[in-house]
Amino acid sequence: MSLDQFSIIESTLREGEQFANAFFTSDQKVEIAQLLDAFGVEYLELTSPAASPQSLADCTRIAQLGLRSKILTHVRCHLDDARLAVDTGVDGIDVVFGTSSYLRQFSHGKDIPYIIDSAIEVIEYIKSQGLEARFSSEDSFRSDLVDLLTIYRAVDKIGVNRVGIADTVGVADPRRVYELVRTLRGVVGCDIEFHGHNDTGCAIANAYCALEAGATHVDTSVLGIGERNGITPLGGLIARMYAYNPDAIRNKYHLPLLREVENYLANLVSVDVPFNNYITGYTAFTHKAGIHAKAILNNPSTYEILDPGDFGLTRYIHVAHRLTGWNAIKERAEQLQLNLNDDEIKRITAQIKALADQKNLSLDDVDVLLRSYHSQRVEEELREAVAAD
Ligand code: HCA
Ligand code: CU
């Protein structure tokens with residue numbers, strides 16, 4: 001089943017370069033490629049060498065780094081572009097053509113037989129050069145199903161390695177993705193890739209459903225950067241797949257690197273990692289309500305499906321607020337090595353709640369309270385010891 005065996009095509013260096021704030025230098029691209037390779041993604045997809053002279057040079061440079069990840073570049077369905085791509089030394093070429101009625105009417109104006117002929121010409125050329133070939137249709141979800149299947153059947157017949165479904169405009173929902181990929185799975189024998197934009201927040205769920213339906217490859221970018229608000233984020237896909245099978249994900253990828261890759265990219269493209277980001281958002285492992293805190297302290301799995309330790313992260317229990325509970329306060333006292341009994345802790349908790357109703361508390365406020373209770377107690381014990389002497 002694909003959910004157990006899938007590959008990531010990491011497209012930060014292609015789709016990600018189409019993000020509004022992305023202007024990568026050659027050295028930065030190399031750094032990104034090396035980080036993602038160390039993380040363990042199976043493929044890196046690079047901007048077409050036909051885009052600009054620097055894109056050509058960078059593609060050649062990255063293809064020659066000897067990374068473990070396979071290097072792909074992404075080109076239009078033109079023989080000239082494919083030739084340029086082959087000469088860079090990449091392992092494979094992702095070819096894309098717009099098949100939707102919108103693109104056919106308002107963009108390139110080509111009909112289906114023309115699209116099939118060009119696809120066959122380009123794919124046969126790529127294969128003749130010993131490279132992996134993928135054919136994808138831009139805007140697949142607004143393409144006619146019969147057209148789409150006709151094209152994919154034709155390229156599958158001549159030995160394309162992979163066909164791609166692209167939700168270019170982010171219009172698809174998980175059920176539609178499942179249905180389309182399932183139908184396609186019954187028509188072609190080759191691998192199936194899914195590329196999904198996130199305009200309506202479905203990109204991760206869509207990618208997951210594509211895998212459930214038999215897709216084999218998913219496109220991602222770091223933090224999801226890409227055209228408009230981007231595509232399936234690498235970290236989000238990792239979180240989803242980890243929830244499905246933690247062991248498989250732990251074995252496949254070097255998870256503690258995720259935060260470093262994201263921070264590096266966030267800095268390069270001048271954005272913050274969102275507070276609620278999958279895995280690395282600063283509240284992703286923060287527990288607040290007393291009931292949650294109590295259960296988490298007893299067994300983290302009660303309210304966590306992802307183990308922060310696997311990602312080199314730690315959980316945080318937020319105690320300084322009106323929703324706090326005495327178990328959380330007790331844990332804080334223990335962290336401070338203050339020996340207070342349960343009755344005292346309960347009294348302190350009540351006091352924290354009352355105070356929190358009046359103002360925003362900080363952890364310092366809680367600590368001050370715990371410490372003052374504790375020193376009062378020590379003083380009392382001293383006085384009692386002196387009196388007993
Ligand atoms: C685009 C192209 C693409 C291609 C996806 C693919 C899309 O920028 O419009 O080749 O799989 O979203 O359709 O990124
Ligand atoms: Cu895209």
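## T12 and the ligand 1 site

T12 lies in the loop that runs between β1 (7-10) and α1 (26-39). The model is predicted.

T12 is buried, because its relative accessible area is 0%, and the limit for buried is under 20%. Its side chain makes a polar contact of 2.6 Å with the side chain of E10. Leaving aside residues up to four places away in sequence, T12 touches E17, F24, I32, L36, T220, S221, V222, I225 and L265.

Now the ligand. Where does ligand 1 sit? Ligand 1 occupies the largest pocket. The residues around ligand 1 are R14, E15, Q18, H74, V96, R134, S136, E138, A166, T168, H195 and H197. Which strand gives the largest share of the shell around ligand 1? Strand β5 (residues 132-138) does, with 3 residues.

Polar side-chain atoms approach oxygen atoms of ligand 1 at these distances:

| Residue | Partner | Distance |
|---|---|---|
| R134 | oxygen atom of ligand 1 | 2.8 Å |
| E138 | oxygen atom of ligand 1 | 2.8 Å |
| H197 | oxygen atom of ligand 1 | 3.0 Å |

On its own, ligand 1 has 350 Å² of accessible area, and the protein covers 91% of that area.

Two sites, then, in brief. T12 is a buried loop residue with a side-chain polar contact to E10. Ligand 1 is in the largest pocket, and its shell includes R134, E138 and H197.

Terms used:
Residues numbered from 1 in each chain as written. Chains lettered and ligands numbered in written order. Predicted model: local features only at pLDDT ≥ 70, side-chain atom pairs only at ≥ 80, totals over all residues. Heavy atoms only, no water. Helix = DSSP H or I, 4+ residues; strand = E, 2+ residues; numbered from the N terminus. Buried < 20%, exposed > 50% of the residue type's maximum accessible area, 1.4 Å probe, protein only. Polar contact = N/O pair within 3.5 Å; in protein donor to acceptor, adjacent residues only side chain to side chain. Contact = heavy atoms within 4.5 Å. Near = heavy atom within 4 Å. Areas by Shrake-Rupley, 256 points an atom, 1.4 Å probe, with all protein chains shown as cover. 1 Å grid on protein atoms, 1.4 Å probe; cavity = no way out; pocket = protein on both sides within 12 Å on 5 of 7 lines; lining within 4 Å. Sits in = over half its atoms within 2 Å of the grid points.
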